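Here is a short briefing on a ligand site and one cysteine. Look over the sequence and the model, then read on.

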Amino acid sequence: MLIAKTIAEARAAVAKLRAERHCIGLVPTMGAMHAGHLSLVRAARAHCDAVVATIFVNPAQFAPGEDFAKYPRIFEADCALLEAEGVDVVFAPEPAEMYPAGVTTVVEVAGISDRLDGASRPGHFRGVATVVAKLFNIVQPNHAFFGQKDAAQVAVLRQMVRDLNFNLELVVCPTVREPDGLALSSRNRYLSPEQRQQALVLNRALRRVEEKIAAGVIDAEPLIDLGLAVLADEPDVRLDYFRIVDPDTLEDVSDVSAGALVAVAAVVGPARLIDNAVIPPR
Ligand code: AMP
């Protein structure tokens, strides 16, 4: 496995892969690998002839006061896991490599970037779209793999790929969970055992809403009320949002009959956690 620290090294490594093999899969991450990340790598291996993973804690997607400085950085352990999964190239630049002095261009996916997490984290999706566009241009993958766990990110990036005519396919992989339902996240490391227990309420609220939908309730209002009632069981969990939205536009829907995304975000102790459930069309 080759580790590229500069854009020039990454481009050279990818050019070599492309000369030898047809299809290149890209898995962008911020590191602190868990089984969710590795599921993306496995999907990339299954779809593509070569896999490029990136590890970059992107300063542009963190607001002042968020966890950029304390975000877990365990580069050697991450590389060992990626190598064991058969990744061909890891691209792990420093911030100054991606954002040298004088860079002024950003990618703004208007409208959709202000919804869900974008409403609570202004500028977050501008940072995400900008760095992902740069990674797409550097690696020029045929397929790029993202997790359904970050459903709003998927919606923003789909729109960006469409609008900017990136010549690649986004592949969205299902959320990987702990046996008790907690969605895997690098930020779960921040939780004490008690907070980890409290965090289970996110998934519990989603499951209860899914059960109600399966029982025939389609109106968003009573479904949201149910989710909020379940979340209220854990007073130490500070709710950010619990919404039922169109998975493509992230706008609220009044019922789930055409398919919907039930999305939740909350702060548990030091961690802001998100989770969601995809409701298929009736
Ligand atoms: P991150 O390192 O948190 O930026 O995540 C990198 C990629 O892994 C993103 O596409 C995430 O959506 C995806 N991911 C994170 N957690 C999970 C999970 N529990 N299951 C599946 N994919 C995930």
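The ligand has 17 residues around it, and those that come nearest are Met30, His37, Asp150, Val176 and Leu184. This is a predicted model. The space that the ligand takes is the largest cavity.

**Polar contacts of the ligand**
- Asp150 contributes its side chain: an N or O atom there is 2.7 Å from an oxygen atom of the ligand.
- Gly147 contributes its backbone: a polar atom there is 2.9 Å from an oxygen atom of the ligand.
- Leu184 also uses a polar backbone atom, which is 2.9 Å from a nitrogen atom of the ligand.
- Taken alone, the ligand exposes 480 Å², and the protein buries 92% of that.

**Make-up of the shell**
- Three elements each supply at least two residues of the shell around the ligand: β2 (24-29), α2 (35-47) and β5 (143-147).
- The largest share comes from α2, with 3 residues.
- By class, the shell holds 8 nonpolar, 7 polar and 2 charged residues.

**Cys48**
- Cys48 sits in the loop between α2 and β3 (50-55).
- Is Cys48 buried or exposed? Its relative accessible area is 6%, so Cys48 is buried, as that term applies under 20%.
- Cys23 and Cys48 are 25 residues apart along the chain, and their C-alpha atoms are separated by 5.1 Å.

How values were computed:
Residues numbered from 1 in each chain as written. Predicted model: local features only at pLDDT ≥ 70, side-chain atom pairs only at ≥ 80, totals over all residues. Heavy atoms only, no water. Near = heavy atom within 4 Å. Polar contact = N/O pair within 3.5 Å; in protein donor to acceptor, adjacent residues only side chain to side chain. Areas by Shrake-Rupley, 256 points an atom, 1.4 Å probe, with all protein chains shown as cover. 1 Å grid on protein atoms, 1.4 Å probe; cavity = no way out; pocket = protein on both sides within 12 Å on 5 of 7 lines; lining within 4 Å. Sits in = over half its atoms within 2 Å of the grid points. Helix = DSSP H or I, 4+ residues; strand = E, 2+ residues; numbered from the N terminus. Nonpolar A, V, L, I, M, F, W, Y, C, P; charged D, E, K, R; others polar. Buried < 20%, exposed > 50% of the residue type's maximum accessible area, 1.4 Å probe, protein only.
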